[in-house]
Amino acid sequence: MTLRLYNTLTRAKDVFAPIDPQAVRLYVCGPTVYDYAHIGNARPIIVFDVLFRLLRHLYGPEHVVYVRNITDIDDKINARAKEEGVAIGDLTGRTTAQFHADIQALNVLQPTFEPRATGSIPEIIALIEMLIAKGHAYAAEGHVLFDVPSMKDYGRLSRRPLDDMIAGARVDVAPYKRGEMDFVLWKPSSPDLPGWDSPWGRGRPGWHIECSAMSWKHLGETFDIHGGGIDLIFPHHENEVAQSRCAFGLPVMANVWMHNGFLQIDGQKMSKSLGNFVTINEVLKDWPGEVVRFNMLRTHYRQPIDWTVKGLEESTRILDGFYNSAAARLTEEERIAAPVLEALCDDLNTPRAIAELHALDRPNFQVELGATLNELGFTGKHVEEKAAKIDEHKVNELIKARLAARAAKNWAESDRLRGEIDALGVVVKDNKDGTTSWEVKP
């Protein structure tokens with residue numbers, strides 16, 4: 001099938017043609033590890049996991065390279081470590097481990113590479129040296145800055161007017177800067193902050209240069225797809241483009257740029273100031289990871305998503321409805337049914353793909369349904385875990401007692417026993433043939 005993806009660079013849904021079908025390359029911006037990741041951070045993790053799975057299906061698992069970075073050097077990290085009175089390495093180690101635990105519950109595949117900024121300092125320094133040598137960066141008072149006017153088509157990705165870019169960049173006023181939009185590639189570190197020796201003195205990298213260096217290290221000068229949240233288009237991704245293109249003298253950094261929409265809480269943009277800031281970890285305390293994953297995918301990735309309890313409840317009912325079929329839940333096969341694949345190949349149209357899953361939820365197609373769910377990261381694990389906690393012997397004994405009460409027309413006792421069974425997390429079914437069966441509650 002032909003894969004079409006919406007490209008932020010071209011503002012069109014383009015046919016995807018990898019540079020090398022034997023090595024399809026994908027880079028996605030990962031977390032800055034200074035705190036619990038919020039639920040909005042889970043959206044790109046899930047969206048691009050689906051893309052990774054789709055690319056593996058189309059080109060073969062051995063022919064897809066997925067890089068998702070960890071930013072473990074940043075001023076937010078330094079400030080949080082100081083606030084908590086802990087070593088910076090302890091903070092980033094703890095929050096990285098928490099991030100991994102949280103997203104593992106979302107059933108995402110591990111990326112091929114997960115580089116850390118602190119492990120890519122030689123590449124960062126080399127990239128900055130290239131930019132200085134080519135006249136696109138300059139050193140000043142221990143800093144190195146990118147010279148934005150040196151790139152004639154700066155702003156091509158975000159397509160913002162100059163005044164908007166100046167406002168959006170939140171630039172610091174500093175006497176050593178040549179232009180107000182010039183951004184930091186390297187900055188000096190005081191003795192109490194992390195730092196590395198460089199040609200410009202002991203210091204640390206700016207945020208934007210990290211991703212340019214890590215993508216170059218693992219994917220090369222130009223690669224196929226770069227992804228992230230819509231909030232990263234400017235200035236982060238715009239500056240990545242500037243650094244990489246100017247360093248290597250190439251017309252593009254990545255051929256396709258994909259951005260997922262914002263996540264809102266009950267119709268409002270999530271923010272700490274509004275008091276609606278929710279972490280992945282908090283959500284997972286109340287909802288299974290697969291429900292969280294499914295709820296994310298019910299909205300097309302480019303559209304804003306409204307995160308509500310009602311939406312999670314609906315996702316639970318739909319997903320557990322699929323899992324109620326043993327074939328759908330227990331099959332070990334992994335493949336994508338043709339109608340679902342066609343939907344995903346249309347710019348990851350997951351709402352349409354879910355509609356096709358509903359169409360497969362029929363007796364003759366449930367093995368196909370199960371195989372497709374498995375391939376997309378839905379295994380029914382939480383249903384099985386729930387079932388494992390059920391005391392089957394106790395349930396069966398209560399059902400026997402209820403049947404005896406019904407035979408004696410003791411309806412009050414029958415209702416009481418049904419309530420006791422219900423409290424165990426089980427649904428009783430009185431079948432038309434006179435038998436009684438039960439299943440775990442969705």
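User: Helices (H or I, at least four residues) and strands (E, at least two) are DSSP runs, numbered from the N terminus; in this predicted model, between which two elements is His 136 found?

Analyst: His 136 does not stand free of the rest of the chain: leaving aside neighbours within four places in sequence, its contacts are Leu 131, Leu 145, Phe 146, Asp 147, Ser 150 and Cys 246. As for its place in the chain, His 136 belongs to a loop, and the elements that this loop joins are α4 (121-133) and β5 (137-140).

User: Is His 136 buried or exposed?

Analyst: The cut-off that matters here is that a residue counts as buried under 20% relative accessible area. The relative accessible area of His 136 is 15%, and this loop residue is therefore classed as buried.

User: How many disulfides does the structure hold?

Analyst: A disulfide requires a pair of cysteine sulfur atoms within 2.5 Å. The cysteine sulfur closest to that of Cys 211 belongs to Cys 29, and at 3.9 Å it is too far for a bond. Cys 246 is likewise in no disulfide, since its nearest cysteine sulfur, that of Cys 211, lies 17 Å away. The number of disulfides in the structure is accordingly 0.

User: What relative accessibility does Cys 246 have?

Analyst: Cys 246 is one of the residues in contact with His 136, and Cys 211, whose sulfur is the nearest cysteine sulfur to its own, is buried with a relative accessible area of 2%. Cys 246 also counts as buried, with a relative accessibility of 9%.

User: How far apart are the end C-alpha atoms of helix α7 (residues 233-248)?

Analyst: Helix α7 is largely enclosed by the rest of the structure, because 16 of its 16 residues are buried, and just after α7 comes Gly 249, with a positive phi of about 65°. For the length of α7, a rise of 1.5 Å a residue over 16 residues leads one to expect a span of 22 Å, and the model agrees with this, as the end C-alpha atoms are separated by 21 Å.

User: Which strands stand at the edges of the open sheet that has the order β5-β6-β7-β8?

Analyst: This sheet has 4 strands with antiparallel pairing, and neighbouring strands are turned by 20° against each other on average, direction ignored. Within it, β7 (residues 183-188) pairs with β8 over 3 bridges in the antiparallel sense, and Trp 186 has Pro 205 in β8 as its bridge partner. An edge strand here has a single partner strand, so one of its sides is left without a neighbour in the sheet, and this is the position of β5 and β8 (203-205).

User: Which residue in β10 does Gly 228 stand opposite?

Analyst: The setting is an open sheet of 4 strands with parallel pairing, in the order β4-β3-β9-β10, where β4 (64-68) and β10 (254-260) stand at the edges with a single partner strand each. Helix α6 (residues 207-219) lies across β3 (24-28), β4 and β9, and runs at about 160° to β3. Strand β9 (residues 223-229) pairs with β10 in the parallel sense over 6 bridges, and opposite Gly 228 in β10 stands His 259.

User: Which residue in the turn of the hairpin formed by β1 and β2 has a positive phi?

Analyst: Strand β1 and strand β2 (residues 12-15) pair in the antiparallel sense over 4 bridges, with Arg 4 bridged to Val 15 in β2. Strand β1 (residues 4-7) has Leu 5 and Asn 7 on its covered face, while Arg 4 and Tyr 6 make up the uncovered one. The hairpin has 4 residues between its strands, and in the turn a positive phi of about 60° is found at Arg 11.

User: At what angle do the axes of helix α9 (residues 289-297) and helix α10 (residues 309-323) cross?

Analyst: Residues of α9 that meet α10 are Glu 290, Val 291, Phe 294 and Asn 295, and their counterparts in α10 include Leu 312, Ile 318 and Phe 322. The two axes come within 9 Å and their crossing angle is roughly 110°. Angles of 65 to 115 degrees count as roughly perpendicular, which is how α9 stands to α10, the angle being roughly 110°.

User: What distance separates the C-alpha atoms of Trp 411 and Ala 37?

Analyst: Trp 411 has its place in helix α17 (residues 411-423) and counts as partly exposed at 47% relative accessibility. Along the chain it is 374 residues from Ala 37, and in space the separation of their C-alpha atoms is 52 Å.

Technical notes. Residues numbered from 1 in each chain as written. Predicted model: local features only at pLDDT ≥ 70, side-chain atom pairs only at ≥ 80, totals over all residues. Heavy atoms only, no water. Buried < 20%, exposed > 50% of the residue type's maximum accessible area, 1.4 Å probe, protein only. Expected span 1.5 Å × (residues − 1). Contact = heavy atoms within 4.5 Å. Pairing = 2+ DSSP bridges. Axes fitted to C-alpha atoms, helices over the stretch in contact; angles between N-to-C directions. Parallel < 35°, antiparallel > 145°, perpendicular 65-115°, else oblique.
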